[in-house]
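This report describes a sheet, the helices that pack on it, and an internal cavity. Please consult the structure below while reading.

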Amino acid sequence: MRVLITATSLQIAYGGPAFSVSQMATALADAGLEVGLWSADGSAADTPLVPAGSAVRRLRGDVEAAAAEFAPEAVHDSGLWLAHNHRIAGLARRRGLPRIVSTRGMLEPWAIRHKRWKKVLAWRLYQRRDLDRAAALHATAPEEAANLGPYRLAAPIHTIPNGVDLPDLPPRPAADGAWRTAVFLGRIYPVKGLPMLIDAWARVRPAGWRLVIAGPDEAGHRAEVAARAAAAGLGDVVSFPGPVLGEAKTALLREADLFVLPSHSESFGMALAEALAHEAPVLTTTAAPWPSLAQHGAGWRVEPTVDGLAEGLRTATGAGAATLRRMGEAGRALVAAEYGWPAAAGRLAALYRQAAA
């Protein structure tokens with residue numbers, strides 16, 4: 001079966017969606033599907049997130065030309081609201097192709113409130129109609145699926161979690177006797193809740209801990225977060241190294257005594273999953289769909305407020321090093337048991353065949 005997978009961007013700086021879409025395409029090709037990969041910004045042609053030698057076919061040009069060249073039997077689009085999403089909906093309708101849409105958390109309550117007036121207008125003009133005409137909606141967690149329910153869309157909702165690569169782990173770096181390290185890794189953007197994290201850190205001020213906020217700046221938000229940290233007198237313990245990739249990313253996650261994801265909204269949380277795969281225990285909010293963290297002893301979930309994060313930081317930074325290491329090992333075991341890409345690819349392939357039947 002030939003499936004065209006489309007995305008906004010597959011540049012590393014785009015964050016979790018770029019990784020998950022690229023890994024999904026690779027896993028589907030490994031499962032025997034013919035996969036074409038296209039992105040609105042052209043980055044599908046040369047993204048390093050698809051391994052060299054993969055059978056994934058990288059497509060160039062506009063989406064109409066890509067579809068004409070590849071001749072798919074189904075289309076799987078990621079995301080909402082943007083002009084190219086609407087064009088892909090029209091293309092699928094004209095060609096009689098089933099279209100599966102990964103909503104990527106873009107109908108979550110926080111996401112709808114952010115730039116609300118633009119989304120209300122787009123919803124009325126085309127977005128609801130495009131979703132009603134989809135063959136299926138893809139949610140990556142039960143919570144995301146539940147939040148789609150009140151929209152009463154005509155398309156059926158299928159919950160299939162993202163897979164997670166389980167990397168070979170290098171040895172942990174030698175401990176710095178003076179410091180323990182908490183890490184945030186992801187897009188520096190308002191949905192990630194970083195101002196709340198700074199306020200909570202300033203309230204707790206855990207002795208002997210530093211906070212690394214790594215990732216690409218989006219919409220100038222890094223300057224706002226850095227100014228907040230400086231105003232709170234945290235300049236000596238909070239750092240912003242920018243995007244970290246490849247071996248540097250692995251080294252940072254192996255250095256982490258704690259991974260922190262203080263988000264207001266997450267459809268899945270690829271950065272969280274990758275941290276677990278690297279044996280980092282996680283502190284996140286109830287906005288991230290990971291109740292299994294506490295169930296498996298791999299981390300904590302707190303309310304997405306300064307109070308909630310402060311209490312979580314007190315607990316997590318107060319845990320001993322041996323406890324945190326055991327929690328990290330439990331997190332990697334959780335990812336290995338429940339979030340392998342082969343199983344996710346098999347379920348997606350079955351969905352495509354069902355939609356095309």
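In what order do the six strands of the open sheet lie? The model is predicted, and in it the strand order is β10-β9-β8-β11-β12-β13, with parallel pairing. The edge positions belong to β10 (238-242) and β13 (299-302), each of which pairs on one side only. On average, and with direction ignored, neighbouring strands of this sheet are turned by 20 degrees against each other.

At the β10 edge, strand β9 (residues 209-214) pairs with β10 in the parallel sense over three bridges. Ala214 has Gly242 of β10 as its bridge partner.

Two helices that touch the sheet are set out below.

| Helix | Strands touched | Angle to β13 |
|---|---|---|
| α12 (residues 306-318) | β8 (180-185), β9, β11 (258-261), β12 (282-285) and β13 | about 165 degrees |
| α13 (residues 321-338) | β8, β9 and β13 | about 85 degrees |

A separate feature is the internal space. How many cavities of 30 Å³ or more are there? The count comes to one, and the largest cavity has a volume of about 30 Å³. Its lining consists of Asp77, Gly79, Leu80, Asn85, His86, Arg99, Val101, Gln127, Asp130 and Leu131. The elements giving two or more residues to this lining are α3 (83-95), β5 (99-102) and α5 (116-132). Of the elements, α5 gives the most, with three residues. By character, the lining of the largest cavity divides into three nonpolar, four polar and three charged residues.

Definitions and conventions. Residues are numbered from 1 along each chain as its sequence is written. This is a predicted model: local features need pLDDT of at least 70, side-chain atom pairs count only at pLDDT 80 or more; totals for chains, interfaces and linings use all residues. Side-chain values use heavy atoms; hydrogens and water are left out. Two strands pair if DSSP finds at least two bridges between them. Helices (H or I, at least four residues) and strands (E, at least two) are DSSP runs, numbered from the N terminus. Axes are lines fitted to C-alpha atoms, for helices over the stretch in contact, and angles run from 0 to 180 degrees between N-to-C directions. Contact means heavy atoms within 4.5 Å. On a 1 Å grid over the protein atoms alone, a cavity is a set of points where a 1.4 Å probe fits but cannot get out, and a pocket is an open set with protein on both sides within 12 Å along at least five of seven lines; lining residues have an atom within 4 Å of a point. Grid points are joined across faces, edges and corners, and a volume is the space filled by probe spheres set on the points. Ala, Val, Leu, Ile, Met, Phe, Trp, Tyr, Cys and Pro count as nonpolar, Asp, Glu, Lys and Arg as charged, and the others, Gly among them, as polar.
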